[in-house]
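This report introduces selected features of one structure to a reader who has not met it before. Please keep the sequence and the model in view while reading.

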Amino acid sequence: MSAFSSGAPDWQASVDQPRQLIAAKAYQLIVDEVRPFLAAGGRLWSKGSQGYPRHLRQMLQGLDRAHTVTFVTHDAILIDESQRVVEHVIPMKRILIEIVDPRQADPRSNSTLAPIGGGPATSPENLLAIFDRLLVKCWVTSEEHDRLNRAGRSFQWDAPDGDGWARYRQAGVAVTPTLGVGEIPAVDRGADGA
C-alpha cells in the first residue's frame, strides 16, 4: 500500500513523470480490461481482439515517439528525412503482446510462446523496461517498408520467436546503425550529389 490514504497501489504514487504516467495508464487498462478479456478466452493476435492492441498502441505513442531511430537502410540515407518511413524492427503489436501476455504471440509464426523480452509486465515500471528493451526503430524507404510488410505471413505484426530482423532478411533489406542520436552515416552521393 501507498503512503497515501487512498489505498492506491504504490506505483500510482510515482506517476509524476510523463513516461511513468503513460505506462501507468496503459498498465491499468491491461490489468482492468485486457487480461480479464484474455482470461475469458479472448486473443490478441487475431481478429476479435476487440481493438485492444490498437488502443494500447495509441496509449503508448508518447513512449514510441521518444525513442530515437537507431538503424537506417542505404536507400533511406539517400532521401530526405521527411520521405523516410520509421519502421519498428519488432512490430509494435508483438511488443504489446509481450507486455500483456507473451503466450498470446501468433502461433503461426512462433515455435514457442516463451517471453522474448521479460513479459508479461508486472508493473508500470516493468512495462517500460520491456518496451525499452524491445523497441528498435529503423529508417526505410516507402518501397522497403512495403517489402517488409509483404515478407511473410504474420510478419507485419509479429517477430518469429522474437527475431525482428527475420523480416529484413526475408525482404532483402540491409541496414546499418545510425551514428548517434538519430544521425545517419555519411554516404557518397556521387559527383552530382544525387
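The sections below treat a helix, a pair of helices and three individual residues.

## Helix H5 and its surroundings

The model is a predicted one. Helix H5 covers residues 92–100, and eight of its nine residues are buried, so the helix is largely enclosed by the rest of the structure. The buried residues of H5 are Met92, Arg94, Ile95, Leu96, Ile97, Glu98, Ile99 and Val100.

Which elements cover these buried residues of H5? Among them are four helices, namely H1 (18–39), H2 (52–59), H3 (61–66) and H6 (124–134), together with strand S2 (85–88).

## The pairing of H1 and H2

Two packed helices are described by the angle between their axes and the distance between the axes. For H1 and H2, the axes come within 10 Å and cross at roughly 170°. Angles over 145 degrees count as roughly antiparallel, and H1 and H2 are therefore roughly antiparallel to each other.

On the H1 side, the residues that meet H2 are Ile22, Lys25, Ala26, Leu29, Ile30, Glu33, Val34 and Phe37. Their counterparts in H2 are Tyr52, His55, Leu56 and Met59. An α-helix has 3.6 residues a turn, so residues three or four places apart point the same way.

## Arg84, a buried charged residue

Arg84 is placed in the loop that lies between helix H4 (74–77) and S2. What is the nearest side chain of opposite charge to Arg84? That side chain belongs to Glu81, at 4.2 Å; Arg84 is buried yet has no salt bridge. A salt bridge requires a separation within 4 Å.

The side chain of Arg84 does, however, have backbone oxygens as polar partners. It reaches the backbone oxygen of Ala76 at 2.8 Å, and a polar atom of the Arg84 side chain lies 3.3 Å from the backbone oxygen of Ile79.

## Gln104 and Val86

Gln104 belongs to the loop between H5 and H6. Is Gln104 buried or exposed? Its relative accessible area is 11%, and therefore Gln104 is buried. Leaving aside residues up to four places away in sequence, Gln104 touches Leu38, Gly42, Arg43, Leu44, Trp45 and Ile97. Of these contacts, Ile97 is one of the buried residues of H5.

Val86 is part of strand S2. With a relative accessible area of 39%, Val86 is partly exposed. Residues up to four places away in sequence aside, Val86 touches Val69, Lys137, Cys138 and Trp139. The C-alpha atom of Val86 is separated by 9.7 Å from that of Phe71, and these two residues are 15 residues apart along the chain.

Methods
Residues numbered from 1 in each chain as written. Predicted model: local features only at pLDDT ≥ 70, side-chain atom pairs only at ≥ 80, totals over all residues. Heavy atoms only, no water. Buried < 20%, exposed > 50% of the residue type's maximum accessible area, 1.4 Å probe, protein only. Helix = DSSP H or I, 4+ residues; strand = E, 2+ residues; numbered from the N terminus. Contact = heavy atoms within 4.5 Å. Lys, Arg positive; Asp, Glu negative; His and termini not counted. Polar contact = N/O pair within 3.5 Å; in protein donor to acceptor, adjacent residues only side chain to side chain. Axes fitted to C-alpha atoms, helices over the stretch in contact; angles between N-to-C directions. Parallel < 35°, antiparallel > 145°, perpendicular 65-115°, else oblique.
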